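Dear colleague,

I am handing over the structure we spoke about, and I would be grateful if you could open it alongside this message. Below it you will find my notes on what turned up.

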Amino acid sequence: MHIALFGATGGTGQQVLAQALEQGHSVAALARKPSKLAATEGLETVPGDVLDRAAVKTCVSGADTVICVLGSHGGKEPIEARGTERILEAMQEADVRRILVVTSLGVGDSRDQIPFPFRLVMNLTLKRILAAKEEQERLIKASGLDWTIIRPGGLTDGPKTGTYRSGLDRSLKAGRIARADVADFVLRQLTDATFLRRTPAVT
Ligand SMILES: NC(=O)c1ccc[n+]([C@@H]2O[C@H](COP(=O)([O-])OP(=O)(O)OC[C@H]3O[C@@H](n4cnc5c(N)ncnc54)[C@H](OP(=O)(O)O)[C@@H]3O)[C@@H](O)[C@H]2O)c1
């Protein structure tokens, strides 16, 4: 399969990239700093920012599936909603239909899946990022495309275990999960339509 990947230089993105290449997929990865991605067989690096329409179009062109693991830090304007808007536009233009997007537990109808004291802290410290992710999810759901929104719990850099829990059960509470396991779950969606137009948790 040919994958267009946004966020490849990030913690989860690097895991998605490595596992996708390992599985024999080819990947076009958009990167603001291409030097962060080592040249590897099967990888095409597309230099650019996700707000750059031409670069996003180049990245999406010819993809079977788009994977978005964009994230924001600190005081900067969160990128999730505006970046995703560009990706969805490029997908509509190129007639690419499948998109897998990592957001977070705590967004939308998963708010109650964050245990109480953490929910309070999250709402106080991540208010702008959560709002951007709410808008990101709204745009995806309104796109008419074949989307899956994946909502992880707290991310760690531990090894892939394959022992995480996932699904639509809203009683599933957010715990920690390795970025490598999130990547594993994301890539499983390439060949599994169980969560088509759904918002599974992984934790
Ligand atoms: N941290 C947690 O515990 C937690 C919990 C649940 C969900 N999440 C969410 O899970 C996702 C993955 O998290 P992560 O920590 O693995 O991500 P991350 O390391 O923060 O990576 C973010 C990625 O987005 C890219 N990016 C940001 N702005 C961009 C722009 N304008 N144009 C192009 N690329 C841009 C970054 O590129 P650069 O390398 O150029 O900066 C990087 O590749 C995020 O959406 C995060 O909010 C996190």
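Please keep in mind that this is a predicted model. I begin with the residues that surround the ligand, whose shell divides into seven nonpolar, 11 polar and five charged residues. Of the 23 residues in that shell, the ones that come nearest to the ligand are Thr-9, Thr-12, Lys-36, Leu-70 and His-73.

Several polar distances deserve a look. The side chain of Thr-12 places an N or O atom 2.6 Å from an oxygen atom of the ligand, while at Gly-11 a backbone N or O atom lies 2.9 Å from a ligand oxygen atom. A nitrogen atom of the ligand, in turn, is 3.0 Å from a polar backbone atom of Val-50. Taken alone, the ligand exposes 930 Å², and the protein buries 81% of that area. As for secondary structure, the elements that give two or more residues to the shell are helix H1 (11–22) and strand S7 (154–156).

Where does the ligand sit? The space that it takes is the largest pocket, which has a volume of about 1600 Å³. This pocket is lined by 47 residues, and Gly-71, Ser-72, His-73, Lys-133 and Leu-155 are those that lie nearest its centre. Two or more lining residues come from each of H1, strand S2 (26–31), helix H4 (116–125), helix H5 (127–142) and S7, with H4 giving the most, namely four residues. Sorted by class, the lining of the largest pocket has 21 nonpolar, 16 polar and 10 charged residues.

His-73 is thus worth finding in your viewer, as it is listed both among the residues that come nearest to the ligand and among those nearest the centre of the largest pocket.

With best wishes

Conventions: Residues numbered from 1 in each chain as written. Predicted model: local features only at pLDDT ≥ 70, side-chain atom pairs only at ≥ 80, totals over all residues. Heavy atoms only, no water. Near = heavy atom within 4 Å. Polar contact = N/O pair within 3.5 Å; in protein donor to acceptor, adjacent residues only side chain to side chain. Areas by Shrake-Rupley, 256 points an atom, 1.4 Å probe, with all protein chains shown as cover. 1 Å grid on protein atoms, 1.4 Å probe; cavity = no way out; pocket = protein on both sides within 12 Å on 5 of 7 lines; lining within 4 Å. Sits in = over half its atoms within 2 Å of the grid points. Nonpolar A, V, L, I, M, F, W, Y, C, P; charged D, E, K, R; others polar. Points joined across faces, edges and corners; volume = space filled by probe spheres on them.
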